[in-house]
Amino acid sequence: LRKDWLLGEAEYLLKLASYRLQLERDVTTALRAMHIADERLRDIGDPALLSVRKVLADDQNALKNVPTADITGMSLTLSALISNIDKLPLNTPMPETAQKQTVESKAVKKFTNWKDVPRAIWQELKSLVTIRQHDTKIAALLSPKEDFYLLQNLRLQLEQARLALLLGKGNVFSERLQTAQKWLQRFFDLKDAAVQNTLQSLQQLAAVNIEPAIPTIDKSYQALKSYIADIPVTQSEFKNDKPAPSPKKVPAVKQSPRVIEKKSIETPTSKPVPRNKVQL
């Protein structure tokens, strides 16, 4: 019957929506399946389904309030950051030549008084030694081999973060991004614009919750199952459709054994001749 088909389709759609939520955390597909299931219940036109549709509407509203992240856009952003890692400058202590250039650019003064010579000598000696103050520890120079391993490990961290994003593993995603940020702050030049943009992008990605709490839709499914269980079973909904009569059992007739009657066969016989008469 058409009603049975519509009920079966609605039940299948609700079960599909539940599987998509539990296994894939796919809120968009689940909402679409629930919307189609509600349309099938509407087409049935039974007033008893209003309570089921009300529960279904509540579950749909709860799913619409779940924050959804742009997984595709975030994955593309990570791919762009991974391809740009080799262009980031490292934070290696390079000798500053600005002061030397200023000293060399100064013109040699001509002294008219020999009393100014010791002062000039002292100024030249002071320029040979430069004292710098650093609030943080100075990073040691990295060899080319260590540079290669650093870039490869950073690329691996971002690849693992991208894989965790696609699988919906929020804890792994956040951990890999935090590790990448620490390495950028420690080994790369924070004054460079590319490094600053990379750090800012990683911070924005880490602020997104890719694994929000998702409500279940068990109430809708159970309400529909209860409605189906309460449907009275009738023989048929068609007027002209009558159940076929059950065949009656005919008692077996006991047959008596066949009796063959023996009939005496009469043969024409001649009349008996008396003994005292002689037949000529």
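The expected span of a helix is 1.5 Å times one less than its number of residues. I applied this to a predicted model.

**Entry 1, helix 4.** I looked up helix 4, residues 71–83, which has 13 residues and should therefore span 18 Å; its end C-alpha atoms are 19 Å apart, in agreement. I then listed its buried residues: Met 74, Ser 75, Leu 78, Leu 81 and Ile 82. Viewed down the axis of helix 4, these buried residues stay within an arc of 120 degrees, so they line one face. On the face turned away from the buried side I noted the exposed residues Thr 72, Leu 76 and Ser 83.

**Entry 2, helix 2.** I ran the span check on helix 2 as well: it has 18 residues and reaches 26 Å between its first and last C-alpha, close to the expected 26 Å. I found its buried residues to be Val 27, Ala 30, Leu 31, Ala 33, Met 34, Ala 37, Asp 38, Leu 41 and Ile 44. Down the axis of helix 2 they fall within an arc of 165 degrees, so here too the buried residues line one face of the helix. The face turned away from them carries the exposed residues Thr 28 and Arg 32. I asked what covers the buried residues of helix 2. The cover includes helix 1 (2–24), helix 3 and helix 10 (218–229).

**Entry 3, ends of helix 2.** At the N-terminal end I found Asp 26 as the cap, with a side-chain oxygen 3.4 Å from the backbone nitrogen of Thr 28. Just after helix 2, Gly 45 has a positive phi of about 75 degrees.

**Entry 4, salt bridges.** I count 10 salt bridges. I looked at the one between Arg 53 and Asp 38, where the closest N and O atoms are 3.0 Å apart. This pair links distant parts of the chain, with Arg 53 in helix 3 (residues 50–64) and Asp 38 in helix 2 (residues 27–44), 15 residues apart. Is each partner buried or exposed? Asp 38 counts as buried, at 16% relative accessibility, while Arg 53 is partly exposed at 25%.

**Entry 5, further pairs.** I noted a salt bridge between Arg 40 and Glu 39, the closest N and O atoms lying 4.0 Å apart. Glu 39 is partly exposed, with a relative accessible area of 25%. Asp 43 and Arg 42 also meet in a salt bridge, at 3.7 Å from N to O. Both are partly exposed, Asp 43 at 33% and Arg 42 at 47%. Lastly, I traced shared partners: salt bridges join Glu 9, Glu 39 and Arg 40 into one network.

Definitions and conventions. Residues are numbered from 1 along each chain as its sequence is written. This is a predicted model: local features need pLDDT of at least 70, side-chain atom pairs count only at pLDDT 80 or more; totals for chains, interfaces and linings use all residues. Side-chain values use heavy atoms; hydrogens and water are left out. Helices (H or I, at least four residues) and strands (E, at least two) are DSSP runs, numbered from the N terminus. Buried means under 20% relative accessible area, exposed over 50%, partly exposed in between (1.4 Å probe, protein chains only). The arc is that of the directions from the helix axis to the C-beta atoms. A salt bridge is a side-chain nitrogen of Lys or Arg within 4 Å of a carboxyl oxygen of Asp or Glu. Contact means heavy atoms within 4.5 Å. A polar contact is a pair of N or O atoms within 3.5 Å; within protein, one must be able to donate a hydrogen and the other to accept it, and residues adjacent in sequence count only if both atoms are side-chain atoms.
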